[in-house]
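Trainee: I am new to this structure and would like to go through it with you step by step. Could we look at it together before I ask about its parts?

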Amino acid sequence: MRFGSLTALEDVDLEIRQGEILGLIGPNGAGKTTLLNVLTGYQRPSAGTVRLGDRDVTKQSPGRRSRMGVTRTFQNVRLFASLSVRENVEVAALGAGRSPRSAHALASSLLARLGLDQRADVAAASLPYGDERRLGVARALATEPRFLLLDEPAAGLNEVESDELLELLRSLPEAFGCALLIVEHDMRLMTRLCPRLQVLDYGRTIGIGSPAEMRADRRVLEAYLGAEEAARDAEG
Ligand SMILES: Nc1ncnc2c1ncn2[C@@H]1O[C@H](COP(=O)(O)OP(=O)(O)OP(=O)(O)O)[C@@H](O)[C@H]1O
């Protein structure tokens with residue numbers, strides 16, 4: 001993916017399988033959000049292919065990909081602030097082609113499963129931060145994704161909220177049959193949540209493996225934690 005003379009992604013190969021939780025990490029500007037944009041159709045790559053199963057979806061719009069089961073959330077939660085919590089979920093379900101009655105039923109079931117049913121009728125704007133994130137996830141689930149891509153879902157959360165989010169995210173593949181691709185800087189959350197991490201640096205993949213493998217990978221350490229920490233680690 002090129003932006004003028006800047007190459008944001010180069011030779012990146014990412015594969016995510018049904019039911020999996022994959023974490024995408026890397027320093028600021030590594031290309032993580034750009035890769036999410038390319039995978040979900042918000043940006044057309046300068047070269048390369050995005051495949052969903054056997055289908056080449058590189059030229060499909062975000063809406064079309066969403067209907068095919070690829071949904072994403074954004075760094076800044078884009079909730080409809082003046083709508084109720086329930087309405088936020090219903091709107092997403094309606095957008096995914098459900099009838100009003102079926103959207104209502106799906107919203108009820110999602111809000112109950114995500115622990116938001118007590119707040120179903122309050123305005124989304126009045127939610128505390130942790131619940132706001134939860135609602136963002138509920139809304140994404142209303143499109144019944146097979147692949148759910150989350151951009152910094154834990155940003156701004158405190159440790160308790162982050163732990164609650166971890167439990168929620170961990171339950172999604174089994175409860176909803178969807179795979180998760182997560183971009184997140186909160187390493188405490190990522191190492192506990194993701195069996196597999198893919199590490200980007202300057203638009204290239206520099207490591208793929210378990211959190212333990214990535215912690216022990218010198219290239220990853222140098223890029224991600226900084227050369228200084230890698231040196232300290234070698235001494236210790
Ligand atoms: N629309 C754009 N036009 C020009 N350059 C862009 C554009 N979007 C991203 N970039 C550049 O591409 C590179 C990758 O950016 P990207 O936002 O994907 O990184 P990131 O890993 O998500 O960073 P962060 O962790 O800070 O969110 C950066 O150098 C960024 O400045």
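Mentor: Let us begin with a term we shall need: a residue is buried if 20 or more other C-beta atoms lie within 10 Å of its own, and exposed if 12 or fewer do. Please also keep in mind that this is a predicted model.

Trainee: With that term in hand, which residues of β3 lie on each of its two faces, and are they buried or exposed?

Mentor: On one side of β3 stand Ile21, Gly23 and Ile25, and on the other stand Leu22 and Leu24. Five of the five residues of the strand pass the cut-off, so β3 is largely enclosed by the rest of the structure. Both faces are therefore covered, and the residues on either side are all buried.

Trainee: Which strands pair with β3, and in what sense do they run?

Mentor: On β8, Val183 stands opposite Leu24 of β3, and four bridges join these two strands, which run parallel. On β9, Leu22 has Arg196 as its bridge partner, while Gly23 has Leu197. That pairing also has four bridges and is parallel, and the strands you asked for are thus β8 and β9.

Trainee: What joins β9 to β10, and which residue in the turn has a positive phi?

Mentor: Five bridges join β9 to β10 (residues 204–209), and these two strands run antiparallel. One of the facing pairs sets Leu200 opposite Thr205 in β10. The two strands form a hairpin with two residues between them, and the turn residue with a positive phi, of about 45°, is Tyr202.

Trainee: Where else does a positive phi occur at a residue that is not a glycine, and is each such site buried or exposed?

Mentor: Most residues other than glycine have a negative phi. Asp11, with a positive phi of about 55°, lies in the loop between β2 (6–7) and β3, whereas Glu144, with one of about 50°, is found in the loop between α5 (129–141) and β7. Glu144 has 20 C-beta neighbours inside 10 Å and so counts as buried, while Asp11 has 10 other C-beta atoms within 10 Å and is therefore exposed.

Trainee: How many residues of α1 are buried, and which elements do they pack against?

Mentor: The buried residues of α1 are Lys32, Thr34, Leu35, Leu36, Asn37, Val38, Leu39 and Thr40, and just after the helix Gly41 takes a positive phi of about 95°. Eight of the nine residues of α1 are buried, which leaves the helix mostly covered. The elements these buried residues pack against are β3 (21–25), α2, β6 (70–72), β7 (147–151), β8 (179–183) and β9 (196–201).

Trainee: Which residues surround the ligand, and which helix gives the most to that shell?

Mentor: The ligand is surrounded by Phe3, Leu6, Ala8, Gly26, Asn28, Gly29, Ala30, Gly31, Lys32, Thr33 and Thr34. By class, this shell has four nonpolar, six polar and one charged residues. The helix that gives the most to it, with three residues, is α1 (residues 32–40).

Trainee: How is the chain divided into domains, and which helix supplies the largest share of the side of domain 1 that touches domain 2?

Mentor: Domain 1 covers 2–69 + 145–235 and domain 2 covers 80–143, and their C-alpha centres lie 25 Å apart. The contact takes 13 residues from domain 1 and 11 residues from domain 2. On the side of domain 1 that touches domain 2, α2 (62–67) and α6 (159–176) each supply at least two residues, and the largest share, six residues, comes from α6.

Trainee: What radius of gyration does the chain have, and how does that agree with a compact globule?

Mentor: The chain comes to 10 helices and 10 strands, and its C-alpha atoms fill a box of roughly 60 × 40 × 30 Å along the principal axes. Of its 236 residues, 39% count as buried, and among contacts between residues at least 6 apart in sequence, 65% join residues at least 24 apart. A compact globule with 236 residues would have a radius of gyration near 18 Å, which agrees with that of the chain, 18 Å.

Terms used: Residues numbered from 1 in each chain as written. Predicted model: local features only at pLDDT ≥ 70, side-chain atom pairs only at ≥ 80, totals over all residues. Domains from an automatic or database assignment. Contact = placed C-beta atoms within 7 Å. Near = placed C-beta within 6 Å. Nonpolar A, V, L, I, M, F, W, Y, C, P; charged D, E, K, R; others polar. Rg over C-alpha atoms; globule rule 2.2 N^0.38 Å. Pairing = 2+ DSSP bridges.
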